[in-house]
Amino acid sequence: MASTSPRSVIFLVLAVAIVVSDAQLQLSETFYDATCPQAASIVQQKVNAFVDADRGLAAALMRLHFHDCFVRGCDGSILLNSTETMLSEKEALLNNGSLRGFDQIDEIKMELECACPGVVSCADILALVARDATAKVGGTSWPVFLGRIDGGASFADEVNSSLPERTDNFTQLVARFARVGLDARDMVILSGGHSIGQVHCGAFFERLYNFQGLNITDPAMDPEFAAMLKVQCPQTKPFGFMALDATNGTFDSAYYLDLLTNKGLLESDVALLSDPLGVEYAIRAVQDPMAFLNEFGWAMIKMGAIPALEPYGWRRHCAFVEPRF
Ligand code: HEM
């Protein structure tokens with residue numbers, strides 16, 4: 001197995017540091033060192049306990065950071081509850097009934113408020129949680145740059161136009177990621193987030209039962225895999241669940257092997273191989289899983305630096321906006 005050379009790691013560190021400093025100057029690994037030195041260890045302990053109790057939560061917790069950062073930047077807006085005048089992101093069609101882990105984030109925030117009141121932002125909690133959840137189930141750890149400022153607004157109708165969709169093709173995926181400053185390679189690497197977690201059966205029913213409106217199974221899908229899916233996900237059960245890859249409890253590069261062997265689930269997953277960049281990366285990830293694990297971390301750092309659209313301030317409870325003083 002090839003491995004990432006020290007020189008390329010140094011290059012990556014420098015490249016990411018530049019990207020991070022470009023995007024949001026104030027983010028720093030030591031941001032809470034003076035005000036809440038125990039913040040990172042509190043988060044890590046809580047995440048480890050949650051994932052020990054329910055391994056599937058790792059995926060849900062990691063995904064929250066992605067859904068946060070793509071809508072209004074990394075500002076914790078995904079955590080806000082709706083108000084009388086505002087239907088929030090978590091209630092958007094794409095998120096409602098799909099995102100999980102809100103109670104766990106609230107619990108972490110409560111503990112941080114006890115330890116250091118008024119210090120740690122909800123957006124930073126999501127960034128730390130994503131790293132710790134991934135590392136807990138087999139991923140490599142990465143430095144988390146901190147100092148994000150929470151937003152004060154969250155709008156359900158901004159979600160559809162901001163997040164990629166499961167039916168997007170390669171070009172559409174690249175365009176969605178480009179809107180937040182991420183490139184095609186970042187997109188291919190971050191899609192590896194589907195190495196853990198689960199998906200509703202209904203999310204790939206078209207491929208299984210009605211490909212291109214023809215009442216057939218997508219001919220590009222491995223026939224044995226399709227037969228297994230039809231047993232797990234009969235047409236009558238769109239709300240059943242399927243693992244996102246063959247080893248969905250462990251963060252590894254099996255997702256890319258699934259793609260290369262025609263066992264991808266979502267159209268957007270399969271779409272990665274419609275471009276030479278995606279094919280090349282999938283082969284590389286399978287041949288050198290460590291390189292993928294490291295590159296996923298760097299891509300998460302880059303995603304975590306998407307600046308907040310309208311920074312508001314700190315929130316005592318992540319689901320509510322604190323009045324300004
Ligand atoms: C590239 C575009 C992407 C699309 C179209 C997409 C779409 C989806 C869909 C449709 C689901 C299943 C939802 C459900 O059935 O309830 C899902 C699950 C998931 N996604 Fe993505 N996703 C994308 C990128 C990402 C990225 C960048 C990450 C993380 C870095 C990620 C992490 C996850 C995880 C961990 C789950 C499983 C969640 C769980 O088990 O609760 N996805 N995604």
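**View 1. His-194 sits in the loop between helix H8 (184-190) and strand S2 (198-200).** The model shown here and in the other views is predicted. The iron atom of the ligand has His-194 as its only protein donor. The donor atom is NE2, at 2.0 Å from the iron. The residue that supplies this atom thus belongs to a loop, with helix H8 on one side of the loop in sequence and strand S2 on the other.

**View 2. Helix H2 (residues 39-53) packs against helix H5 (residues 122-136).** Two packed helices are described by the angle between their axes and the distance between the axes. For H2 and H5 the angle is about 45° and the axes are 9 Å apart. H2 is therefore oblique to H5. The crossing of H2 past H5 is right-handed. On the H2 side, the residues that meet H5 are Ala-40, Val-43, Gln-44, Val-47, Asn-48, Val-51 and Asp-52. On the H5 side they are Leu-128, Val-129, Asp-132, Ala-133 and Lys-136. Sorted by class, the residues of this contact are seven nonpolar, two polar and three charged.

**View 3. A salt bridge joins Lys-136 and Asp-52.** Side chains of opposite charge can pair when their charged atoms come close. In this pair the closest N and O atoms are 2.9 Å apart. Lys-136 belongs to helix H5 and Asp-52 to helix H2, so the salt bridge ties together parts that lie 84 residues apart in sequence. Both residues also appear in the contact of H2 with H5. The structure holds 16 salt bridges.

**View 4. Helix H4 (residues 102-115) crosses H5 at roughly 115°.** The axes of H4 and H5 come within 11 Å. At this angle H4 is roughly perpendicular to H5. H4 passes H5 in a right-handed crossing. From H4, the contact takes in Ile-105, Ile-108, Lys-109 and Leu-112. From H5, Cys-122, Ile-125, Leu-126 and Val-129 take part. Seven of these residues are nonpolar, none is polar and one is charged. Val-129 of H5 is also among the residues that meet H2.

**View 5. Helix H3 (residues 57-69) meets helix H4 at a crossing of roughly 75°.** The axes of H3 and H4 come within 10 Å. The two helices are therefore roughly perpendicular to each other. Leu-57, Leu-61 and Leu-64 of H3 make the contact with Phe-102, Gln-104 and Ile-105 of H4. The contact has five nonpolar residues, one polar residue and no charged residues. Ile-105 of H4 is also part of the contact with H5.

**View 6. Leu-87 lies in the loop between H3 and H4.** Which residues does Leu-87 touch, not counting residues up to four places away in sequence? They are Ser-82, Ser-154, Phe-155 and Ala-156. Leu-87 and Ala-156 are 69 residues apart in sequence. In space, their C-alpha atoms are 5.6 Å apart.

Technical notes
Residues are numbered from 1 along each chain as its sequence is written. This is a predicted model: local features need pLDDT of at least 70, side-chain atom pairs count only at pLDDT 80 or more; totals for chains, interfaces and linings use all residues. Side-chain values use heavy atoms; hydrogens and water are left out. Axes are lines fitted to C-alpha atoms, for helices over the stretch in contact, and angles run from 0 to 180 degrees between N-to-C directions. Helices (H or I, at least four residues) and strands (E, at least two) are DSSP runs, numbered from the N terminus. Angles under 35 degrees count as roughly parallel, over 145 as roughly antiparallel, 65 to 115 as roughly perpendicular and the rest as oblique. A crossing is left-handed if the near helix is turned anticlockwise from the far one by less than a right angle, and right-handed if clockwise. Contact means heavy atoms within 4.5 Å. Ala, Val, Leu, Ile, Met, Phe, Trp, Tyr, Cys and Pro count as nonpolar, Asp, Glu, Lys and Arg as charged, and the others, Gly among them, as polar. Donors are N, O and S atoms within 2.8 Å of the metal (3.2 Å for Na, K and Ca); water is not among the atoms, so sites may look incomplete. A salt bridge is a side-chain nitrogen of Lys or Arg within 4 Å of a carboxyl oxygen of Asp or Glu.
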